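Biologist: Before we discuss any single contact, I would like to see the model and hear how each label is justified. Could we take the terms one by one?

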Amino acid sequence: MKRNLLSFFKFIVFFVSSLIINNVIGENSHHLHEYFLCRKCGREIVELSNLKNVPSSVALRQRNETLGHKEEVLVQLFKNPQNVFYEVITATQANVFRASQETGGDTWWPGFNWIILGCPQCRQHIGWEYIPQSKNTDEESFLGLVLGNLLYENADELIVLPKSYKS
Ligand SMILES: *[C@@H]1O[C@H](CO)[C@@H](O)[C@H](O)[C@H]1NC(C)=O
Ligand SMILES: [Zn+2]
């Protein structure tokens, strides 16, 4: 009887510690799977780990901001020829579809052409892909995403995987 009770307690201790271990692992990995969403339809657009600051020499204003769980995201202000202002963040890749041909001129990153990007689900304008004009360059393509068209506040609600590991 005593022995049974002891194994029972051992089991409980094992069970509780594996719960704790699972939680710790979840805490460490969940930011990797966190996305900013399409503000219009909620589709996952860009994973936080794919954000990468690409400063532009022609930005009207620049600031570093913590967005969701990502610190020091470079937010840059631009104006298009129609006098519309955009706050833009940059990333290496995202879930988007190409909505135009590659275009030069009026570019916010000199030396780069651009392609208009939309949300793959609702087609809302999401930003632009920037492609080096010269093929003989080390520069790589990147994405400029319109901050106002993304949902990034209340980051605890935006965790996609695994949902159960909130602290
Ligand atoms: C943003 O942070 C980076 C890295 O700390 C720094 O080099 C850069 O000057 C900052 N930019 C602005 C606009 O504060
Ligand atoms: Zn959408």
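Modeller: Two strands count as paired if DSSP finds at least two bridges between them, and this being a predicted model, every value that follows is computed from its atoms. With that criterion, there is an open sheet of seven strands in the order β3-β4-β5-β9-β8-β7-β6, with antiparallel pairing.

Biologist: Why are β3 and β6 said to stand at the edges?

Modeller: β3 and β6 (97-98) each have a single partner strand, so one side of each is left without a neighbour in the sheet.

Biologist: What makes β6 and β7 a pair?

Modeller: The criterion asks for at least two bridges, and β6 and strand β7 (residues 112-118) have two bridges in the antiparallel sense, so the definition is met. One of the residues concerned is Arg-98, whose bridge partner in β7 is Leu-117.

Biologist: How do you know that β4 is paired with β3, and what joins β4 to β5?

Modeller: Strand β3 (residues 61-67) and strand β4 (residues 70-79) are antiparallel over six bridges, and Glu-65 has Val-73 in β4 as its bridge partner. Between β4 and strand β5 (residues 85-91), which run antiparallel, there are four bridges, and the partner of Lys-79 in β5 is Phe-85. The hairpin of β3 and β4 has two residues between the strands, and Gly-68 there takes a positive phi near 60 degrees, whereas the hairpin of β4 and β5 has five residues between them, with Asn-83 in the turn at a positive phi of about 65 degrees.

Biologist: Why is the pair of Phe-112 and Phe-142 called edge-to-face?

Modeller: Ring centres must lie within 6.5 Å and planes must be over 60 degrees apart for that label; here the centres are 5.2 Å apart and the planes stand at 70 degrees, so the pair is edge-to-face. The two rings link distant parts of the chain, with Phe-112 in strand β7 and Phe-142 in strand β9 (residues 142-146), 30 residues apart.

Biologist: Why, then, is the pair of Tyr-130 and Phe-142 called stacked?

Modeller: Planes under 30 degrees apart count as stacked, and the planes of Tyr-130 and Phe-142 are at 20 degrees with their ring centres 5.3 Å apart, so that label applies. Tyr-130 lies in strand β8 (residues 125-132) and Phe-142 in β9, so this pair ties together parts that are 12 residues apart in sequence. Ring pairs also link Phe-78, Tyr-86, Trp-108, Trp-109, Phe-112, Trp-128, Tyr-130 and Phe-142 into a cluster.

Biologist: Are Phe-112, Phe-142 and Tyr-130 buried or exposed?

Modeller: Buried means under 20% relative accessible area. Phe-112 has 7% and is therefore buried; Phe-142, with 6%, is buried, and so is Tyr-130, with 2%.

Biologist: What makes you say that the charged end of Arg-123 sits over the ring of Phe-97?

Modeller: The distance from the charged end of Arg-123 to the ring centre of Phe-97 is 4.0 Å, and the definition asks for a value within 6 Å, together with a position within 35 degrees of the ring normal.

Biologist: Which residues are around ligand 1, and how do you know that Asn-64 makes a polar contact with an oxygen atom of ligand 1?

Modeller: The residues around ligand 1 are Gln-62, Asn-64 and Glu-72. A polar contact needs N or O atoms within 3.5 Å; a polar side-chain atom of Asn-64 lies 2.3 Å from an oxygen atom of ligand 1, and one of Glu-72 lies 3.3 Å from an oxygen atom of ligand 1, so both distances satisfy the cut-off. The protein covers 36% of the 370 Å² of accessible area that ligand 1 has on its own.

Key
Residues numbered from 1 in each chain as written. Chains lettered and ligands numbered in written order. Predicted model: local features only at pLDDT ≥ 70, side-chain atom pairs only at ≥ 80, totals over all residues. Heavy atoms only, no water. Near = heavy atom within 4 Å. Polar contact = N/O pair within 3.5 Å; in protein donor to acceptor, adjacent residues only side chain to side chain. Areas by Shrake-Rupley, 256 points an atom, 1.4 Å probe, with all protein chains shown as cover. Phe/Tyr/Trp six-rings, centres within 6.5 Å; stacked < 30°, edge-to-face > 60°. Buried < 20%, exposed > 50% of the residue type's maximum accessible area, 1.4 Å probe, protein only.
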